[in-house]
Amino acid sequence: MLEGKTVNLRLAEKEDFPLLAEWANRLEVFGEYNPVHQMSRADFEKIFDGPHEEKWFIVEKKDGGKIGFVAHFHVLHPAGRQLEIGYSLLPNERGKGYCSEAVKILVDYLFLSKDIGRIQAQTDPRNLASQKVLEKAGFKKEGTLRNSFFMRGEKRDAYIYSILREEWKEPKILTKNPE
Ligand SMILES: CC(C)(COP(=O)(O)OP(=O)(O)OC[C@H]1O[C@@H](n2cnc3c(N)ncnc32)[C@H](O)[C@@H]1OP(=O)(O)O)[C@@H](O)C(=O)NCCC(=O)NCCS
């Protein structure tokens, strides 16, 4: 468990697949700026064991309420030593600062526990809340990836954001020894 001030991140286990599949399949949870694809529990099993080495964390409030997820995965060969992140919260839990904290925790955890030099994220240019989350966690906008997503029947550009290890410097929320 990665503990923050208002939320904790708990590594998703097999028992969480039904919940993750339910969230992934509800358009309002993934929001209007994420590609939509229906996923079964078996699909989750495959992506967790697949070449992108995806890991998802359930974002939990201090009372244990499950309010969404953050995830990390490889977009290039793992030898490239960089990771991409993604996140979504339940609609009624947005706008309360939870995702900003969850992303800061995830960034701390990844730089503390993995030999990576860079973490990146892609976001729809219209997704202002997501861009704010990234900027608050220290990410910088690098540019635009053309036709990066196929979403809701059309190709869409994405902004690419990143944070480098030397920009992160030190943990913002976690201690130096996350379990
Ligand atoms: C993106 C998302 C995860 C943000 O989560 P959140 O918990 O609401 O984010 P926070 O509460 O930490 O807010 C982050 C900032 O964005 C701002 N913000 C929220 N909604 C906004 C909007 N529609 N327009 C502009 N700014 C917005 C908040 O005011 C806050 O800024 P502040 O701290 O300066 O006040 C959430 O909106 C979501 O789940 N969206 C659907 C899925 C999605 O788009 N995921 C990201 C794909 S890249």
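This passage looks at the ligand in the predicted model and at the pocket that holds it.

Start with the immediate surroundings. The shell around the ligand counts 22 residues, and Y87, G95, G97, S100 and K136 come closest. By residue type, this shell breaks down into ten polar, eight nonpolar and four charged members.

Several polar atoms of the protein face oxygen atoms of the ligand. At K136, an N or O atom of the side chain lies 2.4 Å from a ligand oxygen. The backbone joins in too: a polar backbone atom of L89 is 2.8 Å from an oxygen atom of the ligand, and for K96 a backbone N or O atom sits 3.2 Å from a ligand oxygen. On its own, the ligand has 950 Å² of accessible area, and the protein covers 72% of that.

In terms of secondary structure, two or more shell residues come from each of β5 (82–89), α4 (98–113), β6 (118–123) and α5 (128–136). Helix α5 is the top contributor here, handing six residues to the shell.

Zooming out, the ligand turns out to occupy the largest pocket. The volume of this pocket is about 1,100 Å³. Its lining runs to 42 residues, with F30, N34, G86, Y87 and S88 lying nearest the centre. Y87 thus shows up twice, as one of the closest residues to the ligand and as one of those nearest the pocket centre.

As for what builds the wall of the largest pocket, α2 (27–30), β4 (66–73), β5, α4, β6 and α5 each put in at least two lining residues. Strand β5 takes the largest share of this lining, with six residues, while in the shell around the ligand it is α5 that gives the most. Sorted by type, the pocket lining comprises 19 nonpolar, 14 polar and nine charged residues.

Methods: Residues numbered from 1 in each chain as written. Predicted model: local features only at pLDDT ≥ 70, side-chain atom pairs only at ≥ 80, totals over all residues. Heavy atoms only, no water. Near = heavy atom within 4 Å. Polar contact = N/O pair within 3.5 Å; in protein donor to acceptor, adjacent residues only side chain to side chain. Areas by Shrake-Rupley, 256 points an atom, 1.4 Å probe, with all protein chains shown as cover. 1 Å grid on protein atoms, 1.4 Å probe; cavity = no way out; pocket = protein on both sides within 12 Å on 5 of 7 lines; lining within 4 Å. Sits in = over half its atoms within 2 Å of the grid points. Helix = DSSP H or I, 4+ residues; strand = E, 2+ residues; numbered from the N terminus. Nonpolar A, V, L, I, M, F, W, Y, C, P; charged D, E, K, R; others polar. Points joined across faces, edges and corners; volume = space filled by probe spheres on them.
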